Amino acid sequence: MAILLIAEHDNALLKSATLSTVTAATQIGGDIDLLVVGNGCAAAADAAAKVPGVRKVLLADNAVYDHEIAENVAALIKEIAADYSHILAPATTNGKNFMPRVAALLDVGQISEIMSVESADTFKRPIYAGNAIATVQSLDAVKVITVRGTSFDPAATEGGSASVESLSQVTDTGLSRLVSEELAQSDRPELTTAKIIVSGGRGMGDKAHFEMLETLADKLGAAVGATRAAVDAGFVANDYQIGQTGKVVAPELYIGVGLSGAIQHLAGMKDSKVIVAINKDEDAPIFQVADYGLVADLFEAVPELEKSL
Amino acid sequence: MKVLVTVKRVIDYNVKVRVKADNTDVDLKNVKMAVNPFCEIAVEQAVRLKEAGKASEVIVVSMGPQNAQEQLRTALAMGADRAILVKSEEALESLTVAKILAKIIEEEQPGLVIMGKQSIDTDNNQTGQMLAALTGMSQGTFISGLELSDTEAQVVREIDGGLQTLAVKLPAILTVDLRLNEPRYASLPNIMKAKKKPLDTKSPEDYGVEVKANTKLLKVEPPAERQAGIKVASVAELVDKLKNEAKVI
């Protein structure tokens, strides 16, 4: 058994979701090869080689893989898939984009967003926005799997010494090209890896009031998140969204402010270790999952909390 | 240009999901069903393209039991022109659905296919990408913006950390995210009109596709329940608990 794991990286380092996927691969068992594909990503391949438990790193560094265009990346993975029993990638928007394309090229299904490994062919995954957990067995010869990062601890980043092998294949389908990319610039930690998250809902009222949460977050060294309602109301950008259709997070501490706790939002944060809810409506469903609930006017409680830290 | 759009019959967005007592699946008996919300956005986008004179015909496809025609009628009432129901009593997996759609594309030759990014029942987020692979077409996934030219579609994609704009060659497979548009409600006259629009019923065999299981569902359980904690009376008590009890700050 051998596992091909497609690394998510920023050209220099591996993303934390990759390290969690390595842990999932270790639980499946067998040799683990990491594919680092991109444009100018040799440094990320060197970082991948240091992850303990990795047999070798395959590097596909070419302009045609810039921003991991799905059509080209999937074609490459298909070419090198023959030696593997499992193909894994993190269930990030990137992995979700190219992995089903890989599966169809190999004429197999995909098991999406696994949250536990039961055996080499059986996995648990959330369905119905996490309101039910399915145990699914793959019947395919090659198992194509995406892995929910927050469900597995990240693997270590030092201690391994795998070799890096450059791939010569260049698979250019010419189907898509990048026009532009706008990434939110922030000094705060990334939502999916942050230890503390301060998150706001429609109750924040407007964009200006949302900044209150940013001040609180900066004091705590936390990331800032939001509900879909807050995003739709234009308080913050879409990449702040936590929930069924946004990001799934599981920080040590989740502080939900002015959010009611709709099931779609709970689906994205209920695995947090400690949940705090601040809401003036004592019947808000968020209190049913909160470890510490404070029924209060958030416009008074949040500044007070910030000052007392 | 023809536009092909897909809809799935799923449990209504607002219904609380219950797992069957024997843990074989989710209980769908006597539960309100609806068009998958992402599919509704896909239909809306296709109808807008027709209204803007960019699409000549909107064909809507669903796969599922006989009563999935209710969801097709909803799409017709929103403004789609005709419907195809590929009838199957057993649940079809993503790859099989994609294979059947690939055959329909061969027959219909649409210039664009618009689908929801995922269905809110299985949450797989696969079929669009698989269809793009099987047809060899370009893919624009999780889109929140769309502009069409003669040869390509410029799509804004919602990605981790922000937005990405891609130019994808036509014909293309697009999967839509929530913020692309706000679907309209079908008016009563349009609901009446939709009853007279053509709806073809087919089977997977009609398209020569073998229904294959790639996975086996062994068990469905409710998620671990989270117990409600305590209510604190003040910010000071909250800070104290976080520092000394939970030890997270």
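Student: Over residues 23-211 of chain B, what share of the chain is helix and what share is strand?

Tutor: Let's start there, keeping in mind that this is a predicted model. Over residues 23-211 of chain B, helix makes up 30% and strand 31%. The C-alpha atoms at the two ends of that stretch are 25 Å apart. The boundaries come from UniProt, where an unreviewed entry lists residues 23-211 of chain B as "domain: Electron transfer flavoprotein alpha/beta-subunit N-terminal".

Student: How many helices and strands does chain A have?

Tutor: Chain A comes to eight helices and 16 strands. Its radius of gyration is 21 Å, close to the 19 Å that the globule rule gives for 309 residues, so chain A is as compact as a globular protein of that length. Along the principal axes, its C-alpha trace spans about 60 × 40 × 40 Å.

Student: What percentage of the residues in chain A is buried?

Tutor: Buried residues make up 59% of the 309 in chain A. You can also look at how far along the sequence the contacts reach. Of the contacts in chain A with a separation of 6 or more, 66% are between residues 24 or more positions apart.

Student: Let's zoom in on a helix. Is helix α3 of chain A largely enclosed or largely open?

Tutor: To judge a helix, count its buried residues; a residue is buried if 20 or more other C-beta atoms lie within 10 Å of its own. In α3(A), residues 70-80, eight of the 11 residues are buried, so the helix is largely enclosed by the rest of the structure. Among them are A:A70, A:V73, A:L76 and A:I77, and also A:E71 and A:N72.

Student: And how many residues of α1(B) are buried?

Tutor: There, 11 of the 15 residues are buried, so α1(B) is largely enclosed by the rest of the structure too. The buried ones include B:F38, B:C39, B:I41, B:V43 and B:L49.

Student: What span should the 15 residues of α1(B) have?

Tutor: Multiply the rise per residue along the helix and compare with the model. At 1.5 Å a residue, α1(B), residues 37-51, should span 21 Å, and its end C-alpha atoms are 21 Å apart, which agrees. Just after this helix, B:G53 takes a positive phi of about 80 degrees.

Student: Now strands. How many bridges join β6(A) to β7(A), and do they run parallel or antiparallel?

Tutor: Look for the bridges first, then the direction. Strand β6(A), residues 116-119, is joined to β7(A), residues 122-127, by three bridges, and they run antiparallel. A:S116 has A:K124 as its bridge partner. Two residues separate these strands, and together they form a hairpin.

Student: Which way does β7(A) run against β8(A)?

Tutor: Antiparallel again, with six bridges joining β7(A) to β8(A), residues 132-138. A:T122 stands opposite A:Q137 in β8(A). This pair is a hairpin with four residues between the strands, and A:Y128 in the turn has a positive phi of about 50 degrees.

Student: What is usual for phi and for peptide bonds?

Tutor: Most residues other than glycine have a negative phi, and most peptide bonds are trans. Now for some cases here. A:E68 has a phi near 45 degrees, and lies in the loop between β3 and α3 of chain A. A:E68 is buried, with 20 other C-beta atoms within 10 Å. B:Q109 has a phi near 50 degrees, and lies in the loop between α3 and β6 of chain B. With 10 C-beta neighbours inside 10 Å, B:Q109 counts as exposed.

Student: Where is B:P171?

Tutor: B:P171 sits in the loop between β9 and β10 of chain B. The peptide bond from B:L170 to B:P171 is cis, with omega near -5 degrees.

Student: Last one: how many residues of chain A are in contact with chain B?

Tutor: Start by counting residues on each side: 66 of chain A are in contact with 63 of chain B. The chain A side divides into 35 nonpolar, 19 polar and 12 charged residues. Strands pair across the chains as well: β16(A), residues 292-295, and β13(B), residues 230-232, run in the parallel sense over three bridges. Within that pairing, A:L294 stands opposite B:V232.

Key. Residues are numbered from 1 along each chain as its sequence is written. Chains are lettered from A and ligands numbered from 1 in the order in which they are written. This is a predicted model: local features need pLDDT of at least 70, side-chain atom pairs count only at pLDDT 80 or more; totals for chains, interfaces and linings use all residues. A residue is buried if 20 or more other C-beta atoms lie within 10 Å of its own, exposed if 12 or fewer, and partly exposed in between; C-beta atoms are placed from the backbone. UniProt positions are given in the numbering used here, feature names are shortened, and annotations may be inferred rather than shown by experiment. Two strands pair if DSSP finds at least two bridges between them. Two residues are in contact if their C-beta atoms, placed from the backbone, lie within 7 Å. Ala, Val, Leu, Ile, Met, Phe, Trp, Tyr, Cys and Pro count as nonpolar, Asp, Glu, Lys and Arg as charged, and the others, Gly among them, as polar. The radius of gyration is taken over C-alpha atoms; the globule rule is 2.2 Å times the number of residues to the power 0.38. The expected span of a helix is 1.5 Å times one less than its number of residues.
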